[in-house]
Amino acid sequence: MQGPDGIEALSAGRIWKPPSKTQLLIDSAFRRLCVAFAALTIVLIVLLVVEIGAKAIPAFREHGLSFIWGRTWDPNREVFGILPEIWGTLYTSLLALLFGSLFGVSAAIFLSEGYMSEAIFKILKMFGVQFHPFWGKLPERFELLLKNLIELLAAVPSVVYGLWGLFIVIPLIRPMCNWLHAQFGWFPLFSTDLSGPGILPAVIVLSIMILPTITAISRDALVSVPPKLRMAAYGLGATRWETILGVLLPTASRGIFGGIVLAFGRALGETMALAMLVGNANRLTVSLFSPANTLAALLANSFPEAGAREIPVLMYAALVLLAITLVVNIFGALILERATSKAEAK
Amino acid sequence: MSENQPIPASSQEDKKTLLHKAEDEAARDPFEGVDFSELEHSLYRPRTLFSVILTWIVTGMTLLALVPLFAVLFMLIWRGGQKLSLDLFTKLPPAPLEPGGGFGNAILGTLIMVGLATLITIPLGVLTGVYLAQAPGDSKLASAVRFSAKVLTGFPSILAGVFAYGAIVLATGGYSAIAGGIALSILMLPTIILTSESAIAMVPVKMKEASIGLGATTTQTAWMVLLPTAMPGILTGVMLAVARAAGETAPLLFTALFSNFWLTSGGRFDLMQPTASLAVLIYNFSGMPFKNQVELAWAAALVLVALVLITNLIGQSFSRQQNLQ
């Protein structure tokens with residue numbers, strides 16, 4: 001505020017007037033509103049747990065802990081047990097995590113270690129293009145494009161992945177799976193044949209869905225490794241992969257691990273793709289080709305048609321799922337928080 | 001090491017002897033006893049070979065990770081595109097074995113429920129973001145809120161549905177668009193809180209201080225300086241949350257259920273009854289043994305993905321504008 005306008009405004013008393021009483025009142029009301037809304041987030045989590053927990057109490061009284069160890073689910077006889085579902089949830093999630101983190105961390109390394117620039121400059125050299133500021137920006141652009149493409153994988157709704165898995169993935173892998181079963185049927189992983197939905201298609205789609213989470217968080221962790229460590233390793237004569245495996249990955253390990261744990265939480269709670277692909281069979285199995293069930297899929301498939309007797313039981317199952325995912329998510333958030341505070345301390 | 005010591009500038013002779021010494025040292029080979037063939041970049045060395053092979057593996061895996069994205073998009077256009085016509089957007093879902101039909105009510109239902117959820121979450125989420133960005137660094141409430149928002153990001157969507165079922169469907173006595181909207185808002189909230197917080201925190205401190213220095217109250221600062229400056233970032237967050245909510249199926253399965261009809265009862269617009277949505281339509285129709293329904297599911301998936309991706313891109317363009325500024 002300089003010049004005649006400012007002085008005019010000052011002399012007109014427009015600026016230096018202290019806030020009026022109403023303004024102060026509005027101010028304190030707004031502040032309280034903000035605090036109240038913020039506190040509502042915590043209240044919401046408590047409410048979620050209490051609401052689901054309260055609705056599960058009748059089932060908990062009736063079935064107790066045997067619900068968790070029981071293996072049969074029969075609404076007609078009112079025998080309920082969710083051991084196969086718990087097993088299915090953990091089994092599919094862990095397998096998906098294995099594939100997802102293998103590919104996800106690889107993509108993170110590829111996107112953070114300047115591979116793009118190397119590849120692009122090699123190609124440019126082949127064509128005899130001399131260095132020019134325009135080409136110099138190309139690798140960065142491509143890296144960003146690839147990163148955005150991988151993030152788009154997360155934007156595709158899970159029900160669309162389910163549809164794709166149902167009509168494309170299952171027919172595609174079925175011959176291979178049945179051949180594996182015919183040849184190596186003695187091996188527990190291949191002990192049944194794939195007749196439609198099953199664990200393997202579910203795992204494939206699930207790992208595609210959690211890959212972007214792992215890639216994004218791992219890439220952030222790798223990029224925030226101090227450059228001097230990389231320089232020092234190269235300066236000592238380490239090859240690129242000796243640097244990556246010996247220096248970068250160990251330094252970024254906490255961030256990467258936090259990302260993997262969060263992705264695990266995602267996989268545990270993922271519903272639609274599994275409800276469509278896992279086959280909905282109450283079976284306790286290690287075979288990759290057998291149909292199975294997960295907690296989330298059980299809820300999705302049984303809730304809409306559940307009778308009054310079944311609702312509390314399903315609430316109990318939801319409570320078990322809630323407990324598992326809350327523990328995993330809190331664990332992951334804590335790890336990431338410590339990883340970032342450590343990185344900032346450096 | 002003589003080079004590291006400061007040269008005493010005493011006399012010409014001293015300097016000369018020093019120079020000679022330096023020349024002598026340069027003449028001696030500093031790499032004595034080093035076998036250069038060991039250091040050569042050659043594929044016959046296991047170290048180099050290991051490095052090159054891993055490089056190829058990583059490149060291959062990154063490209064392979066992108067295959068599903070293109071495969072999904074290609075199949076959507078291939079199988080969903082065949083069915084695309086204006087009827088899809090205006091007609092109601094067909095009965096089994098009936099030809100034609102569309103999913104106009106499902107598109108409308110998705111828009112209504114996502115809009116409802118957005119209306120609920122924007123005030124809650126943005127004001128929480130304002131609070132978090134302004135709270136002092138050691139505030140216990142702020143870190144607790146931030147932590148719960150992070151935990152909520154990974155909250156399974158089906159449990160939001162279970163919660164809304166228990167809290168709203170059972171209380172109001174029926175499936176409704178309202179229950180669906182509330183279930184979706186639980187999933188949108190953390191995204192909006194966290195992105196608004198970081199957008200507001202990125203507003204330059206000097207702008208905030210200038211506003212307070214001019215005598216503005218905290219509220220005036222928030223409304224006239226912080227929120228307008230952080231608007232692109234906040235809009236990005238809102239768009240990302242909307243895109244996510246539009247694709248969610250699980251929370252709608254037993255809150256909004258599904259319906260083959262428009263959202264009316266007795267000729268009037270009514271939000272308190274079962275409501276169709278694109279996502280649930282895809283789920284329901286994909287499991288049907290009728291060819292027409294499966295084709296409609298693919299077309300609905302194409303429309304849904306287009307909706308989600310466009311919302312995503314619009315959101316990203318907001319944040320790009322902010323970066324350019």
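In this predicted model, the contact between the two chains draws 79 residues from chain A and 79 residues from chain B. Together, chain A and chain B bury about 7,000 Å² between them, and 80% of that lies on carbon and sulfur atoms. Which three residues supply more than any others of the area that chain A buries against chain B? They are F30(A), L163(A) and W241(A), which supply 9% of it.

Polar links are found at this interface too. Across it there are 13 residue pairs in polar contact, both partners having pLDDT 80 or more. On the chain A side, helix α2(A) gives the most to the surface that touches chain B, with 22 residues. Sorted by class, that side of chain A has 61 nonpolar, ten polar and eight charged residues.

**Salt bridges**

How many salt bridges are there between chain A and chain B? The count is two. Over all chains, the count comes to twelve. Here are three of them, with the distance from N to O.

| Salt bridge | Distance (N to O) |
|---|---|
| E242(A) and R47(B) | 2.9 Å |
| E248(B) and R244(B) | 3.4 Å |
| R309(A) and E62(A) | 3.5 Å |

Let's begin with the pair R309(A) and E62(A), joined by a salt bridge. R309(A) lies in the loop between α12 (295-302) and α13 (310-345) of chain A, while E62(A) is in helix α2 (residues 21-63) of chain A, so the pair ties together parts that are 247 residues apart in sequence. As for its surroundings, E62(A) is partly exposed, with a relative accessible area of 47%.

Next comes the salt bridge of E242(A) and R47(B). This pair crosses between chains: E242(A) sits in helix α10 (residues 240-269) of chain A, and R47(B) sits in helix α3 (residues 46-81) of chain B. E242(A) has a relative accessibility of 31% and counts as partly exposed. Its partner R47(B) is also partly exposed, with a relative accessible area of 38%.

Now look at chain B, where the side chains of E248(B) and R244(B) meet. Is E248(B) buried or exposed? With 10% relative accessibility, E248(B) counts as buried, because the cut-off for buried is under 20%. R244(B) has a relative accessible area of 31%, so this residue is partly exposed.

Salt bridges can also link up into a network. In chain B, K83(B), K291(B) and E295(B) are linked in this way.

**A buried threonine**

To finish, find T92(A), which has its place in helix α4 (residues 83-112) of chain A. Its relative accessibility is 1%, so T92(A) counts as buried. What does the side chain of T92(A) reach at 2.7 Å? It reaches the backbone oxygen of G88(A). Leaving out residues up to four places away in sequence, T92(A) touches I199(A), V203(A), L206(A), V278(A) and T294(A). Try picking out T92(A) in the structure and then looking for these contacts, including V203(A) and T294(A).

Conventions: Residues are numbered from 1 along each chain as its sequence is written. Chains are lettered from A and ligands numbered from 1 in the order in which they are written. This is a predicted model: local features need pLDDT of at least 70, side-chain atom pairs count only at pLDDT 80 or more; totals for chains, interfaces and linings use all residues. Side-chain values use heavy atoms; hydrogens and water are left out. A salt bridge is a side-chain nitrogen of Lys or Arg within 4 Å of a carboxyl oxygen of Asp or Glu. Helices (H or I, at least four residues) and strands (E, at least two) are DSSP runs, numbered from the N terminus. Buried means under 20% relative accessible area, exposed over 50%, partly exposed in between (1.4 Å probe, protein chains only). Contact means heavy atoms within 4.5 Å. Buried area is the accessible area (1.4 Å probe) that two parts lose on being put together, summed over both. A polar contact is a pair of N or O atoms within 3.5 Å; within protein, one must be able to donate a hydrogen and the other to accept it, and residues adjacent in sequence count only if both atoms are side-chain atoms. Ala, Val, Leu, Ile, Met, Phe, Trp, Tyr, Cys and Pro count as nonpolar, Asp, Glu, Lys and Arg as charged, and the others, Gly among them, as polar.
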